[in-house]
Amino acid sequence: MSTDITRRRAIKALGLAGAAGLAGCTGTGDPETDTGGGDGTGTSGDGGSGGSDTVRAAFVYNSAVGDQGWSWAHEQGRKAVAEEYDWLESDYSEDVKPADAKPVFQQYVQDGYDIVFGNTFGYMDTMVSVAEDNPDTLFEHCSGYETRENMGRYFGRMYQARYMAGVAAGMLTEANTLGYVAALPIAEVVRGINAFTLGARSVNEDVTTKVRWTNTWYDPPKEKEAANALIDQGVDVMAQHQDSAAAVQAAAEAGIWATGYDAPMNEQGGDSYVTSPIWHWEQFYGPTLEAVHDGSWEPDFYFEGLNDGIVGLSDWGPEVPDDVKSAVEDTRSAIESGDTDVWADSEFADADDATLFQDMGSYVEGVEGTVPE
């Protein structure tokens, strides 16, 4: 452990400590990589157990990695970098609720890890506190807005992928009424609802979106109930911001189109499946860990999109028409080239990144109702 601590102090002395934080989830051990001793963690990587050339990285998730949702997506990123770098030793803890996160963070510090990633908004205040008490350890927080010398934060412009999914929805709907099963009324979720609606209205100005809030990230029965309530209101294309495929399943059972989130959901959506806005977290984790390895890490705010590969769409469902696919691909090219700005025709046209990221609290035209307080 002494070599790891010395190495972290050297990084800090160079002024390269950082901070980051967004939202997180937890997961279960992968039988191919889990070598833990029954403590809810899994360790993988070919980098060995120590030495100044080894980076030890811990990932803390707020939900199980097998849920095919938010934590599952982060775990795919961890697996990718663990396989890529022979100097990396990685470990993860899943299903760690925000109230229980502090001892998990502290244990990774005590065990000599170089950097700890937390993947849920609810970890933010706790991570700030632990980072303050442990200046020789680096931290990154997903979806939050706090940084410090040794703590950075990260997210991605998922709204770009949401907009593309909205283009598909706007072309597929016959009722001109879309449904959206939404988790919590925070800026991240409102941003997705707005982008989806703007994408749909860019190809069909008569479209409106109905929203049902579950007030939870993960509760499949409640998510399905919300989806069915929207179906009863006449929506014929479903979208979601949840950690399960329950809304997609409800749509499939009702025979209407559906877009998922976080993971490909072809199996659950069947012939009614459109696509899913998905994450490629390795696009952030890889360069970040390389920076820790070469001593160039800084506590910045990562907020990239399609051009960086951090967000995208899953494969298309089996029945999606070719003209829809083509229109969405054209939209993607226009966003990547800068010819299309997701927010250009909305009240957020002149908003800066800080506003888009943490202050979006109202709906754009086309979304019914108001954001709950």
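Which glycine takes a positive phi just after H8? Glycine 255 does, with a phi of about 75 degrees. Hello everyone, and thanks for coming. Before I go on, please keep in mind that this is a predicted model.

Let's stay with helix H8 for a moment, which covers residues 246–254. Its buried residues are Ala246, Ala247, Val248, Ala250 and Ala251. What do those buried residues pack against? Their partners are strand S7 (177–182), helix H7 (220–232), strand S9 (237–241), S10 and H9.

Take the H7 partner in more detail. The axes of H7 and H8 come within 8 Å, crossing at roughly 40 degrees. That angle makes H7 oblique to H8, and the crossing is right-handed. On the H7 side you will find Pro220, Glu223, Lys224, Ala227, Asn228 and Ile231. They meet Ala246, Ala247, Ala250, Ala251, Glu253 and Ala254 of H8. By class, the contact of H7 with H8 has eight nonpolar residues, one polar and three charged.

Now please turn the view to helix H5, residues 158–172, because I have two packings to show you there, beginning with helix H11, residues 322–337. These two helices pack at an angle of about 150 degrees, and their axes are 9 Å apart. Angles over 145 degrees count as roughly antiparallel, so that is how H5 and H11 are described. Their crossing is right-handed. From H5, the contact uses Gln160, Tyr163, Met164, Val167, Ala168, Met171 and Leu172. H11 brings Asp323, Val324, Ala327, Val328, Thr331, Arg332 and Ile335. Sorted by class, the residues of this contact of H5 with H11 are ten nonpolar, two polar and two charged.

The second packing is with helix H6, residues 187–203. Here the angle is about 40 degrees and the axes are 6 Å apart. H5 and H6 are therefore oblique to each other, and H5 passes H6 in a right-handed crossing. The H5 residues in this contact are Tyr159, Arg162, Tyr163, Ala165, Gly166, Val167, Ala169, Gly170 and Met171. From H6 come Arg191, Gly192, Ala195, Phe196, Leu198, Gly199, Ala200, Ser202 and Val203. The class count for H5 with H6 is eleven nonpolar, five polar and two charged.

Arg162 of H5, which takes part in that contact, leads us to a histidine. Is histidine 241 buried or exposed? Histidine 241 has a relative accessible area of 3%, and under 20% counts as buried, so this residue is buried. You will find histidine 241 in strand S9. Its side chain and that of arginine 162 are joined by a polar contact of 3.2 Å. Leaving out residues up to four places away in sequence, histidine 241 touches Arg162, Tyr180, Val181, Ala182, Ala183, Glu188, Val189, Trp217 and Tyr261.

Another polar contact involves serine 90, which is found in strand S3. At 0% relative accessibility, serine 90 counts as buried. The side chains of serine 90 and arginine 78 are joined by a polar contact of 2.8 Å.

Next, some aspartates. Which residues does aspartate 353 contact, leaving aside its neighbours within four places in sequence? The partners are Arg157 and Phe303. With arginine 157, the side chain of aspartate 353 makes a polar contact of 2.7 Å. Phenylalanine 303 is 50 residues away along the chain, yet its C-alpha atom is separated from that of aspartate 353 by 8.6 Å. Aspartate 353 belongs to helix H12, residues 353–358. With 34% relative accessibility, aspartate 353 counts as partly exposed.

Two further aspartates bring us back to backbone angles. Aspartate 95 has a phi near 55 degrees, a positive value in a residue other than glycine. Aspartate 95 sits in the loop between strand S3 (88–93) and helix H3 (101–110), and at 44% relative accessibility it is partly exposed.

Where is aspartate 262? Look in the loop between strand S10 (257–258) and helix H9 (266–269). The phi of aspartate 262 is near 80 degrees, again a positive value in a residue other than glycine. Aspartate 262 is buried, with a relative accessible area of 1%. That's my tour, and I'm happy to turn the model around with you.

Technical notes: Residues are numbered from 1 along each chain as its sequence is written. This is a predicted model: local features need pLDDT of at least 70, side-chain atom pairs count only at pLDDT 80 or more; totals for chains, interfaces and linings use all residues. Side-chain values use heavy atoms; hydrogens and water are left out. Helices (H or I, at least four residues) and strands (E, at least two) are DSSP runs, numbered from the N terminus. Buried means under 20% relative accessible area, exposed over 50%, partly exposed in between (1.4 Å probe, protein chains only). Contact means heavy atoms within 4.5 Å. A polar contact is a pair of N or O atoms within 3.5 Å; within protein, one must be able to donate a hydrogen and the other to accept it, and residues adjacent in sequence count only if both atoms are side-chain atoms. Axes are lines fitted to C-alpha atoms, for helices over the stretch in contact, and angles run from 0 to 180 degrees between N-to-C directions. Angles under 35 degrees count as roughly parallel, over 145 as roughly antiparallel, 65 to 115 as roughly perpendicular and the rest as oblique. A crossing is left-handed if the near helix is turned anticlockwise from the far one by less than a right angle, and right-handed if clockwise. Ala, Val, Leu, Ile, Met, Phe, Trp, Tyr, Cys and Pro count as nonpolar, Asp, Glu, Lys and Arg as charged, and the others, Gly among them, as polar.
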